[in-house]
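The following account leads the reader through a single protein chain, from local backbone features to a sheet and then to the chain as a whole. The sequence and the model should be kept in view throughout.

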Amino acid sequence: MNNFQPADRNTIVAAQLAKLKALLAELLSTNPFYTRKLLEAGISPAISGLEEFAASMPFTLKHEIVADQMENPPYGSNLTYPLERYTRFSQTSGTTANPIRWLDTPESWDWMLDNWSQVYKKAGVARRDHIFFAFSFAPFLGFWTAFESAARIGCLCIPGGGLSSAARLRIMLDNNVTVLCCAPTYTVRLAEVAVEEGVDLAALKVRTIIVAGEPGGSIPATRARIEQLWKGVRIVDHHGMTEVGPVSYGCPEKRNMLHVIESSYIAEIVNPGSEKPVEAGGMGELVLTTLGRTGSPLLRYRTGDWVQPIKDQPCACGSYELALQGGILGRTDDMVIIRGVNVYPSAVEDIVRGFPGVAEYRVEIFSQQALPEMKMQVELVPACKDEAEVAAHLEAALQKAFALRIPVIIVPGGTLPRFEMKARRWVRV
């Protein structure tokens, strides 16, 4: 099991370099996708350090992976071993591009389970816990790795695939569930259904909710809203991707902080435009190299995740691992520019969730015009009757944050869609 606990940055970097050298030695001449890239870049296992690697190795881009799988169907050429070595299949949702298929060997799979064990450990999860996974049995990586890692720890693992929200609440109640794993949006939906079904969330034994799949767990207003709905449970954020695996764990001391598991990843943060490194305290795109997913690795993969590294180390929790203030702030391709103002979905989410009367919302972007515009549809909780007041106060809050007038339209209850996985609240019209 990956129990590496770094003492300082020098220890982290030395371990990363040793693992990188071993990875490069394994990939050269065996992995067609990376053999070509490494040879063109002049990189060998004798590389002197991480600085040389970052300076010489080109980024790996998502569209490269998609193109490679189209040219070498169905799995592409980023496979280090013969096909018979691979036992696990995963696939991205394909919401913004063609879905990416990913294969893993038993060794790579175990590496990801080890990463999840760190997520659980930092969240205070132990053998005694009963964990409910409010996900469907889709081929996305997060559910399967989280479930199997928890089972390996010795937790009672309860799957929630194929069930209604009401049925899930009943199972959680009947089985004394102490930990819930789901998307942040879905925690709000479950609380909404609990009211409809007459289920008292205080009667559940859930003490921790681990959220992932979208920004939310590190957004203060969203976290506060979930904790209020769930009677003070602890919200723990986490993030990962099908392409790279489980990446980060929620800081045990600072609730709006994620730590990258640097025993498993080399992490860089670059300016998306200049592609130059971003200093601590700045904002940039997270770039990852997987150090243990040898069967289907990624070297300097541009994740598209917008992050802000903190300046001070160690963190209050004692860790020297890379700390990201506010977790994943958004996606570099999710930002919209409205009348010259950069607007991120996570920033809007933080404002909207500060209004307890809002049950659900949707943002419409009108991009066909010469100057893109946006408006917001809002559905209120049944107890909230003063529609005009909520709309006015929400418009004022958005105006203050972005210096933009964003019309807020109140729609009838049940109008807007609810989400189990990643919410699709931003719609281009």
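P74 is situated in the loop that connects helix 4 (62-71) with strand 1 (88-91). In this predicted model, the peptide bond between P73 and P74 is cis, with an omega of about 0 degrees. Most peptide bonds are trans, and most residues other than glycine have a negative phi.

A departure in phi appears at N176, a residue other than glycine whose phi is positive, near 50 degrees. N176 belongs to the loop between helix 7 and strand 5. With a relative accessible area of 37%, N176 is partly exposed. The loop between helix 7 (165-174) and strand 5 (179-182) also holds T178. Is T178 buried or exposed? Its relative accessibility is 15%, so T178 counts as buried, the cut-off for a buried residue being under 20%. Apart from neighbours within four places in sequence, the contacts of T178 are D129, H130, K205, V206, R207 and T208.

Further along the chain, G198 occupies the loop between helix 8 (184-197) and strand 6 (208-211). G198 has a relative accessibility of 66% and therefore counts as exposed, since the threshold for that class is over 50%. The C-alpha atoms of G198 and A166 are 9.9 Å apart in space, while the two residues are 32 residues apart in sequence.

Attention may now turn to a sheet. Strands of a sheet pair through backbone hydrogen bonds, in either a parallel or an antiparallel manner. Here, four strands form an open sheet in the order 12-13-14-16, and their pairing is antiparallel. Strand 12 and strand 16 (330-331) are the edge strands, each pairing on one side only.

How is strand 13 joined to strand 12 and to strand 14? Strand 12 (residues 265-270) and strand 13 run antiparallel and are joined by six bridges. On the other pairing, strand 13 is connected to strand 14 (residues 301-307) by four bridges, again antiparallel. Individual residue pairs show the register. E285 in strand 13 stands opposite V270, and the bridge partner of E285 in strand 14 is W306. V287 has R302 as its bridge partner in strand 14.

Strand 13 (residues 284-290) is largely enclosed by the rest of the structure, because seven of its seven residues are buried. In a regular strand, the side chains alternate between the two faces of the sheet.

The loop between strand 12 and strand 13 contains E275. E275 is not a glycine, yet its phi is positive, at about 65 degrees. The relative accessible area of E275 is 39%, and E275 is therefore partly exposed.

Beyond this sheet lies a helix and the loop that follows. Six of the eight residues of helix 10 are buried, and the helix is mostly covered. These buried residues are P345, S346, V348, E349, I351 and V352. An α-helix has 3.6 residues a turn, so residues three or four places apart point the same way.

G354 is found in the loop between helix 10 (345-352) and strand 19 (358-366). Its relative accessible area of 48% makes G354 partly exposed. G354 and T332 are 22 residues apart along the chain, and their C-alpha atoms are separated by 24 Å.

These local features can be placed in the context of the whole chain. Its secondary structure consists of eleven helices and 22 strands. The C-alpha trace spans about 70 × 55 × 45 Å along its principal axes. What radius of gyration does the protein chain have? The value is 22 Å, which agrees with the radius near 22 Å that a compact globule of 429 residues would have.

Buried residues account for 52% of the 429 residues. Among contacts with a separation of 6 or more, 67% are between residues 24 or more positions apart. The accessible surface amounts to about 18,000 Å², and carbon and sulfur atoms contribute 54% of it. As for charge, the protein chain carries 43 positive and 46 negative charges, and the mean positions of the two sets are 3 Å apart.

Conventions:
Residues are numbered from 1 along each chain as its sequence is written. This is a predicted model: local features need pLDDT of at least 70, side-chain atom pairs count only at pLDDT 80 or more; totals for chains, interfaces and linings use all residues. Side-chain values use heavy atoms; hydrogens and water are left out. Helices (H or I, at least four residues) and strands (E, at least two) are DSSP runs, numbered from the N terminus. The radius of gyration is taken over C-alpha atoms; the globule rule is 2.2 Å times the number of residues to the power 0.38. Buried means under 20% relative accessible area, exposed over 50%, partly exposed in between (1.4 Å probe, protein chains only). Contact means heavy atoms within 4.5 Å. Accessible areas come from the Shrake-Rupley method with a 1.4 Å probe; for residues, only the protein chains shown count as cover. Lys and Arg count as positive and Asp and Glu as negative; His and the chain ends are not counted. The place of a charge is taken as NZ of Lys, CZ of Arg, CG of Asp or CD of Glu. Two strands pair if DSSP finds at least two bridges between them.
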